[in-house]
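Please load the model in your viewer and keep the selection panel open. The tour goes from one selection to the next.

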Amino acid sequence: MNMEYRQLGGSGLKVPALTLGTGTFGGGTAFFKAWGATNAEEATKLVDICLDAGLTMFDSADIYSNGLAEEVLGQAIKGRRDQVLISTKGTFRFGDGPNDVGSSRWHLTRGVEASLRRLGTDRIDLFQLHGFDALTPVEEVLAMLDDLVRAGKIRYIGCSNFSGWHLMKSLAVAQRYGWSRYVAHQVYYSLIGREYEWELMPLAVDQKVGAMVWSPLGWGRLTGRIRRGQASPPSDRLRETADAGPQVADEHLFNVVDALDELAGETGKTIPQIALNWLLQRPTVSSVIIGARNEEQLRQNLGAVGWNLAPEQIARLDKPSAVPLTYPYWHQKGFAERNPFPTV
């Protein structure tokens, strides 16, 4: 297969269309054990497969298994750091102290240093805020991130799970002071979760912010194992983690899976491959973060690249996956003559 490389937002960095997420590495807590518990030896094999396929980017976070995921990733890439791109995240609580949370200079400076140690590297290619900290001034956050970029500890910065005003305010402040700006936004986006298109995608088009898509299979609902009229498999991680993830009505899910199933029969591709390929053709998407408990899952997900759904097939997925827009988006859609949505 030929991996496609895309520009990361308005930056000069090229990233693979697929990124391997490391939420399954370590399994150090009950929550993450439900995702997977890949050890260093297994992770090394997954990295081998990824590099052979041209997938060179690996995404982690300090809170994944309380740092164990970063440690496992660091061991898996040992001796080949220059062949890979590493992205990781910070901001969420990591410790019991009053300052062990948020995007303050105190917390994130310590957090980046700790991530570097766990990853066994001297730089992070893309560092992202895991969430918005409304209690820390945006100026403090961006000045600190710019310091880390100038020090060479971070190459590029991004954010994750921001509202539109969070991101736009941050970009405006960065421009005002000439600081490093967010070039990536790690977002939830899937065929059963298209809210990203309403506000964040138009913003990303305008401001050249690349989407790094997390949970592209809708929190494990678009794997092909959940079908209309069938019980969920006993090993389904949704049983353990559904309440913590995006919610979706059963009938809406089944309508989307029915459409995916129909296209799978026509194309010879799997349901996950079609769901991933649909995302890869959406505006602003720089990379889609895939997960894998084992080599079989990884190889299947890698099969999402090297081909494209036809426009008519995309339309057949767009229709059942669409949901009624909330205000002000339904009103704005009526002014498409001067305010077009990126996906229309």
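Begin at K208, the residue that follows helix α7 and has a positive phi, near 60 degrees; helices here are DSSP runs of H or I with at least four residues, strands are runs of E with at least two, and both are numbered from the N terminus. The model is predicted, so that local features need pLDDT of at least 70 and side-chain atom pairs count only at pLDDT 80 or more, while totals for chains, interfaces and linings use all residues. Residues are numbered from 1 along each chain as its sequence is written, and side-chain values use heavy atoms, with hydrogens and water left out.

Step back into α7 itself, residues 200-207, and select L200, M201, L203, A204 and Q207, which are buried (under 20% relative accessible area, with exposed meaning over 50% and partly exposed in between, for a 1.4 Å probe and protein chains only). These residues lie on the same side of α7, because they cover an arc of only 160 degrees around the axis, the arc being that of the directions from the helix axis to the C-beta atoms. Adding α6 (164-177) and β8 (182-188) to the selection shows what the buried residues of α7 pack against, where contact means heavy atoms within 4.5 Å.

Next, select helix α4 (residues 105-119) and helix α5 (residues 138-150), whose axes come within 10 Å and cross at roughly 30 degrees; axes are lines fitted to C-alpha atoms, for helices over the stretch in contact, and angles run from 0 to 180 degrees between N-to-C directions. The two helices α4 and α5 are therefore roughly parallel to each other (angles under 35 degrees count as roughly parallel, over 145 as roughly antiparallel, 65 to 115 as roughly perpendicular and the rest as oblique). On the α4 side, R105, L108, T109 and V112 meet E140, A143, M144, D147 and L148 of α5.

Stay in α4 and pick R118, which counts as buried because its relative accessibility is 16%. Beyond neighbours within four places in sequence, R118 is in contact with D62, G67, E70, E71, G74 and F94. For a distance check, the C-alpha atoms of R118 and A211, 93 residues apart along the chain, are separated by 26 Å.

Finally, select helix α2 (residues 40-52) and helix α3 (residues 68-76): their axes come within 8 Å and cross at roughly 60 degrees, and α2 and α3 are therefore oblique to each other. Displaying side chains here shows A40, A43, T44 and V47 of α2 meeting V72, Q75 and A76 of α3.
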